[in-house]
Amino acid sequence: MAWNEPGNNGKDRDPWGNNGKTQGPPDLDEMLRKVSRRFGGLFGGGGKSGGEIGKFGISIALLVAVVVWVVSGFYTIREAERGVVLRFGEYSHNVDPGLRWKPTFIDRVIPVDVESVRSLPASGFMLTQDENVVRVEMDVQYRVVDPQQYLFSVTNADESLSQATDSALRYVVGHTRMDDVLTTGREKVRQETWQVIDGIIEPYQMGLQIVDVNFLPARPPEEVKDAFDDAISAQEDEQRFIREAEAYAREVEPKARGSVKRLEQEAEGYKSQIVLKAKGEVARFNELLPQYQAAPELTRERIYLETMEELYQQANKVLVDMPAGNNSMIYLPLDKLSGKANAVQPTRPAGTPAVEPAQPSNEGANSTPTPLRSGDRFSTGRN
């Protein structure tokens, strides 16, 4: 049987003690009055003893408040940071890294990282000097050198630097040809952009220092990318051919200089040889002249015999010895003998006059060949 069913001896056994009454929400005013009565004596109620207890409570509260205020003033500045102290909202001074204390509600400390190098990207489609559009990307590396100027010189130093970078990059690209932006003039664009950025941010005293400017590879629009790739490949081939030509020149030039030096030495040697030979001929003629003047005929015959002796020493000779009474004709291969003689003929020195062979006489051209006889001698001279 349930506790609140009829017939329970007329009693409703409500475990919460409502005894049939409907329970409503608690009365907030009544609760506040109960709390006030309990703590009223502590803060100055209930006569003389109550006043003393109230003063003691106020002292404890003030002491706790002072302790909380002192403890809340301790703060730490990291090694890579510098603290900017604001006193009643106005800049006061900077603090170094370490454990510090500030009066709460009076001073405010803003930590600023001055050691880390920050990165600021910049990119976009830009118009070059020759009216071409290229996409340029650049990354600026910077760090904070003056926390006060970084916080209070401009509204947002990072955003101001971003705008200065974009402006400087567009200015430099707008005064540079597209080929230079894409290939050989990249370093020049980087240096000029760095200088323009420094010139822009210097008057504003942002407390920033540019550490480095990285000029990323620029590229043309996608519509003409293939044509520009071909142009860049052609420029690379040009540079490669130039380097190959320079290497070939470095290889050939020493050989050519050596050949020139060798020819000069050979010419000097040939010159000395000819001069000495001419001097020898002059000396021999000077020695022979008195003898010729003394006996012209004898000297002329002796010179003739010596000359013929030298000529016959250089000529091929054929000796035929046949028995007596043999009238048979012998065939001599004069053409082969003449060819052999020409093959072994020494080279005529330069400057020596050519000796024309004696022309055969037409007399007896149609006559019958004379048979060879025993003891006849034949010789073949040079042509």
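In this predicted model, Arg 118 has Tyr 142 of strand E7 as its bridge partner. That pair belongs to a wider match, since strand E6 and strand E7 (residues 133–144) run antiparallel to each other over ten bridges. Together with strand E8 they form an open sheet of three strands, in the order E6-E7-E8 and with antiparallel pairing. Strand E6 (118–127) and strand E8 (208–215) are the edge strands, each pairing on one side only, and neighbouring strands of the sheet are turned against each other by 25° on average, direction ignored.

Helices accompany this sheet. Helix H4 (residues 157–174) lies across E6, E7 and E8 and runs at about 35° to E6. Helix H6 (residues 186–201) also packs on the sheet, where it touches E7 and E8, and its direction makes about 160° with that of E8.

Strand E2 (81–87) has two antiparallel partners, listed here with the number of bridges and one facing pair for each.

| Strand paired with E2 | Bridges | Facing residues |
|---|---|---|
| E3 (residues 90–95) | five bridges | Val 85 and His 93 |
| E5 (residues 107–113) | seven bridges | Leu 86 and Arg 108 |

Five of the seven residues of E2 are buried, so that the strand is mostly covered. The hairpin of E2 and E3 has two residues between the strands, and in this hairpin Phe 88 takes a positive phi near 55°.

Which residues touch the most other members of the largest nonpolar core? Among its 34 residues, these are Val 136, Leu 161, Leu 208, Ile 210 and Phe 215. The elements that contribute two or more residues to this core are E2, E6, E7, H4, helix H5 (178–182), H6 and E8, and H4 gives the most, with seven residues. Because domain 1 (74–112) and domain 2 (116–219) both give residues to this core, the core lies between them.

Leu 208 offers a closer view of these surroundings: leaving aside residues up to four places away in sequence, Leu 208 touches Tyr 142, Arg 143, Val 144, Val 145, Tyr 150, Ala 157, Leu 161 and Ile 201. One of these contacts, Tyr 142, is the residue that pairs with Arg 118, while another, Leu 161, is itself among the residues touching the most other core members.

A second core, separate from the one just described, has five residues, including Tyr 75, Ile 77, Val 85 and Val 95. Of these, Val 85 is the residue that stands opposite His 93 in E3.

Note on methods. Residues are numbered from 1 along each chain as its sequence is written. This is a predicted model: local features need pLDDT of at least 70, side-chain atom pairs count only at pLDDT 80 or more; totals for chains, interfaces and linings use all residues. Side-chain values use heavy atoms; hydrogens and water are left out. Two strands pair if DSSP finds at least two bridges between them. Helices (H or I, at least four residues) and strands (E, at least two) are DSSP runs, numbered from the N terminus. Axes are lines fitted to C-alpha atoms, for helices over the stretch in contact, and angles run from 0 to 180 degrees between N-to-C directions. Contact means heavy atoms within 4.5 Å. A nonpolar core is a set of buried Ala, Val, Leu, Ile, Met, Phe, Trp, Tyr and Cys residues joined through side-chain atoms within 4.5 Å. Buried means under 20% relative accessible area, exposed over 50%, partly exposed in between (1.4 Å probe, protein chains only). Domain bounds come from an automatic or database domain assignment.
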